[in-house]
Amino acid sequence: MAGCGGTTKGSEDAAGDGGGNATEQKADPNAKIKEGLEITFLPKEIDNPYEVLVDEGGIDAVSELKGTGKEVGPSDASASSQVSYINTLIQQKADAIVIAANDPNAVAPALKDAMSKGIAVVTYDSDAAPDARQIFVNQADSEEIGRSQVKLMSDQIGGAGKIAILSATPNATNQNTWIEFMKDELTKPEYSKVELVKIAYGDDDDQKSFQEAQGLLQSIPDLKGIISPTTVGISAAARYISSSPYKGKVKLTGLGTPNQMRQFVKDGTVTEFALWNPVELGYLAGYAAAALASGQISGAEGETLKAGKLGEREIGKNGEIILGPPTNFNADNIDDFDF
Amino acid sequence: MLARLLRWETVLLVLCVGVFVAGGASDGFAESGNISFLLLDYSEVALLAFALLPIVLTGEIDLSVASTLGFCSALTGTLWDAGMSFETIVPLVILAGIVLGSVNAVLIVRFGLPSLAVTIGTLGLYRGLAYVLLGDRAVTGFPENYRPFATDSIGGTFLPYATLLVLVVGIGIAVLVHVTTTGRSLYAIGLGAQTARFSGIRVDRVKFALYLLSGALAAVASLIYTLRYNSARADNANGMELVAVAAVLLGGVSIFGGRGTVLGVATALLAMAGLRNVLFLDDVSNEIQNVITGLLLILSVLVPVVFKPRRTKDAPLEPSDVDPERRAGADTGGRLRRDHEGV
């Protein structure tokens, strides 16, 4: 029945190629950042506290560059709700759109339309289809996140012992990528005495994560540490450990926010954990958008972005810029951060 | 008849014109590209509202329309991913919509269950089945030779193809509701199913057919949605049933059945689409937009009630004019004739 003369997936009519990057103009690295740029941040949803922080950083960056930054966005993170906002920004003739895409494909036609009208398009946090934006500002390199988590854990348990991972859902893309890199890192000789015995899934649900942490510790008596590369998982696990006899004996690390983890660092449950700085992510995206809109960069590989107090970043393959290695938080520096 | 027209439809028309005149003051509103987008953005809602209108006229409801859309979108994605040709998928998906509509119809008509309860159930059920099909995945890469029908305008004008389809469907529904005998029977059923049944109207058959139509229109809307966003997902059009119901009620259709016009619903749709667009352009946040839509809805129910006493002064009191409108055994003929001819 399939493909008898009709249009099928992969047939020529269905190629779905948007014709590549719509704004392929030459960049002038010495061009000045234009004043009065209107740059709008379009998060996945407007009430998400993480995204609010990111966008604050972005709006700060735009203000530094004497432009006008604002944040608009839907109150639900559904796939199509961002499209109306993109259309509005096209009509308002914004200079740049900085978007965390809810669905890489659903927003693509609207973003291409924006680019064809000379609007600079930057994605951050969550990418759109690569031909529908000029630059993607990635929080951190997946490989670096995965490998650095293993190092954090190994340092805390003295390089030997059984460890477990408490992840989000079994099919979470981010977490699974990181876990693959963790496994790869563990094959290195310096980690030969570290043994990954189990991966548990707390589904990014506070209560389930709490119970999974409890289960891990009770079923594996000689467990030395847990890595939880999700903000929900690490705080739930910390809550369990802090009130259990395992406190101080079992190490916990992963990705968490300083505000969630502050009390557990202070009471000795957690020694050190990591996360990229969301304010800096927005800041970098703001600079990238302004530089694009001013013709300083075009999004091509090898160009250099001057990003204010963050210094310089090189644009990598597929127009990707990486914020940098995640920040490690411990008792010494945690009070310097408020997010 | 005139008095009735002077009521809600007029208020709506003024509102609609007001929105578009006020819109002219917002930068970028009156551009052809923006008008196209505004129309296109409401094409799926309009199809769902036109599917709902005849059902609400009979005093029933179908809250599963957006979930049917979601399921059909997920099905489109699944079949496309499996390599089936798009030409084969279209009829299959419409058939699937009709099947989902028939499940509603069987439960409501054959088993006599309340449509509100049944379709709240299938609202969850169909959305759930959509997730069973696609999970969290999104299917994309739909054929570029068909996508323009859901995204482009006709030969350089402001009128999108999808809106033309909406117009054709709207006219079809208007003919069905306001011209045919079946249409007349919808009002009769809405004013009193028992009376209608005793008058020889095949109430069950009519209702059954309306739910099949609703499923089919939701499937058509799903094809537009999927092609427009080039993305088939299980959460497509999540919550859209409420926007469609709002358009129907704002259009002056009585939720108890027996009163309402296609023109009213069409005007309400245009006013809502225009208002949403203007509010977006003026950077009014989503929350405030919801407040405004909510107030408008309350107004739409309130105004006919407020205007009612004046009407009873003009005309001799008929039993059917007494509030609440439907009394068991009341002579609904007068109202029926008036409403039916009211367009």
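Axes here are lines fitted to C-alpha atoms, for helices over the stretch in contact, and angles run from 0 to 180 degrees between N-to-C directions. Helices (H or I, at least four residues) and strands (E, at least two) are DSSP runs, numbered from the N terminus. This is a predicted model, in which local features need pLDDT of at least 70 and side-chain atom pairs count only at pLDDT 80 or more, whereas totals for chains, interfaces and linings use all residues. Residues are numbered from 1 along each chain as its sequence is written, while chains are lettered from A and ligands numbered from 1 in the order in which they are written.

**Exercise 1. Describe how helix H2 and helix H3 of chain A pack.**

Step 1. The axes of helix H2 (residues 81–91) of chain A and helix H3 (residues 108–116) of chain A come within 9 Å, and they cross at roughly 10°. H2(A) is therefore roughly parallel to H3(A), a label given to angles under 35 degrees, with over 145 counted as roughly antiparallel, 65 to 115 as roughly perpendicular and the rest as oblique.

Step 2. Residues are in contact if their C-beta atoms, placed from the backbone, lie within 7 Å. On the side of H2(A), the residues are A:Val83, A:Ile86, A:Asn87, A:Leu89 and A:Ile90, and they meet A:Ala110, A:Leu111, A:Asp113 and A:Ala114 in H3(A).

Step 3. Sorted by type, the residues of this contact of H2(A) with H3(A) are seven nonpolar, one polar and one charged. Ala, Val, Leu, Ile, Met, Phe, Trp, Tyr, Cys and Pro count as nonpolar, Asp, Glu, Lys and Arg as charged, and the others, Gly among them, as polar.

**Exercise 2. Work out the order and edges of the six-stranded open sheet in chain A.**

Step 1. The order is S2-S1-S3-S4-S5-S13 (chain A), and the pairing is parallel, where two strands pair if DSSP finds at least two bridges between them.

Step 2. Strand S2 (68–71) and strand S13 (320–322) of chain A each have a single partner strand, so one side of each is left without a neighbour in the sheet. Direction ignored, neighbouring strands of this sheet are turned by 20° against each other on average.

Step 3. Within the sheet, strand S4 (residues 120–124) and strand S5 (residues 135–138) of chain A pair in the parallel sense over three bridges, and A:Thr123 has A:Phe136 in S5(A) as its bridge partner.

Step 4. Helix H9 (residues 278–293) of chain A lies across the strands S1 (38–42), S2, S3 (96–99), S4, S5 and S13 of chain A, running at about 165° to S4(A).

**Exercise 3. Characterise chain B and the side of chain B that touches chain A.**

Step 1. Chain B has 16 helices and zero strands. Buried residues, those with 20 or more other C-beta atoms within 10 Å of their own (exposed if 12 or fewer, partly exposed in between; C-beta atoms are placed from the backbone), make up 50% of the 343 residues in chain B.

Step 2. The contact takes 34 residues from chain B and 31 residues from chain A. Among the elements of chain B that each supply at least two residues of its side are helix H6 (86–110) and helix H15 (286–314). The residues of that side divide into nine nonpolar, 14 polar and eleven charged.

**Exercise 4. Which stretch of chain A has pLDDT under 50?**

Step 1. pLDDT is the predictor's confidence in each residue, from 0 to 100. For chain A its mean is 88, and 94% of the residues reach 70 or more.

Step 2. The stretch is residues 13–24 of chain A, for which the model has 26 contacts beyond four places in sequence. Where pLDDT is low, the predicted coordinates should not be read in detail.

Methods. Contact = placed C-beta atoms within 7 Å.
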